[in-house]
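Welcome, and take a moment to look around before reading on. The report below walks through the metal site, the bound ligand and some charged pairs.

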Amino acid sequence: MIGTNMQRERFKAGTKIFREGEPGTYAYLIEQGKVEISAATKGTKIEITTLGPGEMFGEMALIDNHSRSATATAVEDTEVIPLEKTTLEHKISKSDPVLHLLLRVVLERFRWALRRVLDRERLLSTGAMSNEDQDTLYREAKEQAFKQMRLEQDLQEALQKHQFQVHYQPIVEAETGRVAGYEALTRWIHPEHGYVPPNDFIEAAESSGLIVPLGLWILERACEDLRRFQKAMDEKGAGEPPLFVSVNISPRQLQQLTSDGTFVRIVNETGVDPANLKLEITEQLLIQSPEVAAIALARLKETGVQLAIDDFGTGYSSLSYLHRFPFDVLKIDRAFINTMVKEQKSMKIVKAIMGLAHGLGLSVVAEGIEDHKTLEIVKEWRCEYLQGYLFAKPKPAPEIIGALIKSSAA
Ligand code: C2E
Ligand code: CA
Ligand code: CA
């Protein structure tokens, strides 16, 4: 049993018992009345559940030092028994450390899942929800939390069991039509479920921190493969200009690569020329921590590597990033390229982004080209590089090498 000071507290209907974001020192057991648990997501209030006598709330804050993830409001005149954090802390500090860790991990995943469900819910409905909806919301959050934990466990195993592969998609130079380089794209070959696309696991790898060892493996693999591709070209006397490889770097990785010299070590160990490496970065980190990003990107730039801003035009892309950070390349998101021919708006956006990038001295990659019409338009606008299924889908390294040996444009 959790210890209590047994001093009941009373809250009038409409009073906030605690607010989202506040530090939490108590959990509460409801004796009488009703308490609504809600959270705000981007300014919209979402009711999570309503609890009554005999039920507990605010318990998450007792286990870790995280701030409140929801707001508790007395719906009726309510009487609660507060349960003090310090009492529980004492018990936890004496408990088995593995159990302690497990509690924290479960909580962290639950908070993450709850946030996701809430964000999605905000898009679907902004009004109040029925009790049934609220129960579903809670159950879904729990299910998501478990799904996330299972996925993280599987990913850990996948890394140990070498279930990842890096595939390469050609990037074509518009002017000459030759393959100038490749984008490295990771695949998970699951022993039971088969092929798992990166969109289904990169985010989990990022949130669990597994992206750090996985990303290192990908970067090393890509550097080694680049040397093999280059060797194939050198051997047939077509080694100039050298090929490049573009590698996707997630926010957590960017900090890790630069904070302890890991990037320089990989470059030295694999023997690639950093000028032939491009790191593709999305804006996420630039928005979250611009100062951290500025330092990391400046350090990377010093090594001679090229930097690309990826998926430009989606999410929170801000024009100020373009001159604030040392990018060399801008990749226009394929959502715009794909729809250009059908939608005037996409066409205008692509044209404007291209003009802007060129004005700032960046070269542009149009990604997701699937038809000749789109190809002709972006070429007319002097887009430097082209990527898409019209040229080739991503393929494993041995196939790329095979194609390089056969012709000068794989
Ligand atoms: P991305 O960086 O935007 O990569 C381009 C995606 O577009 C790839 O999907 C590629 O296969 C796909 N694509 C290319 N051309 C076409 C086209 O003409 N039509 C269509 N419909 N799609 C095209 P993929 O390989 O499924 O990767 C999805 C995302 O997963 C990537 O988007 C990237 O954000 C992430 N990702 C993949 N590999 C890695 C990695 O090694 N590290 C990190 N951090 N993220 C990765
Ligand atoms: Ca990319
Ligand atoms: Ca992209």
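## A tour of the metal site and its surroundings

Along the sequence, the residues that donate to the calcium ion (ligand 2) follow the spacing E-x64-N-x31-E-x29-D. Please keep in mind that this is a predicted model. The four donors behind that pattern are Glu183 (OE), Asn248 (OD1), Glu280 (OE) and Asp310 (OD), and they coordinate the calcium ion (ligand 2) at 2.1 to 2.3 Å. Two of these residues link distant parts of the chain: Asn248 belongs to strand E12 (residues 244–249) and Asp310 to strand E14 (residues 306–312), with the pair 62 residues apart. Asn248 is partly exposed, its relative accessible area being 30%, whereas Asp310 is buried at 5%.

### The second calcium ion

Which residue coordinates both the calcium ion (ligand 2) and the calcium ion (ligand 3)? It is Asp310, and the two ions lie 3.9 Å apart. Around the calcium ion (ligand 3), the coordinating atoms come from Asp310 (OD), Asp311 (OD) and Glu367, which appears twice through OE, at 2.3 to 2.8 Å. The spacing of these donor residues in sequence is D-D-x55-E. Asp310 is in strand E14 and Glu367 in strand E16 (residues 363–367), so this pair ties together parts of the chain that are 57 residues apart in sequence. Glu367 is buried, with a relative accessible area of 8%.

### The pocket around ligand 1

Asp310 has a further role to look at, in a contact with ligand 1: one of its polar side-chain atoms lies 3.0 Å from an oxygen atom of that ligand. Thr186 offers a side-chain N or O atom 2.5 Å from an oxygen atom of ligand 1, and for Arg334 the corresponding distance is 2.7 Å. How much of ligand 1 does the protein bury? Taken alone, ligand 1 exposes 800 Å², and the protein buries 88% of that.

Two elements give two or more residues to the shell around ligand 1, namely strand E10 (179–190) and E14. E10 supplies the largest share, with 4 residues. There are 21 residues around ligand 1, and those that come nearest are Thr186, Arg187, Arg334, Glu370 and Tyr389. Sorted by class, the shell is made up of 7 nonpolar, 7 polar and 7 charged residues.

### Salt bridges

Charged side chains also pair with one another, and the structure holds 16 salt bridges. Three of them are set out here.

| Salt bridge | Closest N and O atoms |
|---|---|
| Arg178 with Glu173 | 3.4 Å |
| Arg228 with Asp225 | 2.5 Å |
| Lys331 with Glu280 | 2.7 Å |

The pair of Lys331 and Glu280 leads back to the metal site, since Glu280 is one of the donors to the calcium ion (ligand 2). Lys331 and Glu280 form a salt bridge with 2.7 Å between their closest N and O atoms. Lys331 is in strand E15 (residues 329–332) and Glu280 in strand E13 (residues 277–281), so the bridge joins parts that are 51 residues apart in sequence. Are these two residues buried or exposed? Lys331 counts as buried at 1% relative accessibility, and Glu280 is buried too, with a relative accessible area of 2%.

The bridge between Arg228 and Asp225 sits within one element. The two residues are 3 residues apart in helix H6 (residues 211–235), which means that about one helical turn separates them. Arg228 is partly exposed, with a relative accessible area of 37%, while Asp225 counts as buried at 3% relative accessibility.

For the pair of Arg178 and Glu173, Arg178 is partly exposed at a relative accessible area of 22%. Glu173 is partly exposed as well, at 21%.

Beyond these pairs there is also a network of salt bridges, which links Arg8, Arg10, Glu31 and Glu79.

### Bringing it together

Asp310 is a good residue to return to when viewing the structure. This buried residue bridges the calcium ion (ligand 3) and the calcium ion (ligand 2), and its side chain also has a polar atom 3.0 Å from an oxygen atom of ligand 1. From there, Glu280 can be followed from the calcium ion (ligand 2) to its salt bridge with Lys331.

Conventions: Residues numbered from 1 in each chain as written. Chains lettered and ligands numbered in written order. Predicted model: local features only at pLDDT ≥ 70, side-chain atom pairs only at ≥ 80, totals over all residues. Heavy atoms only, no water. Donors = N, O, S within 2.8 Å, 3.2 Å for Na, K, Ca; no water. Buried < 20%, exposed > 50% of the residue type's maximum accessible area, 1.4 Å probe, protein only. Near = heavy atom within 4 Å. Polar contact = N/O pair within 3.5 Å; in protein donor to acceptor, adjacent residues only side chain to side chain. Areas by Shrake-Rupley, 256 points an atom, 1.4 Å probe, with all protein chains shown as cover. Nonpolar A, V, L, I, M, F, W, Y, C, P; charged D, E, K, R; others polar. Salt bridge = Lys/Arg side-chain N within 4 Å of Asp/Glu carboxyl O.
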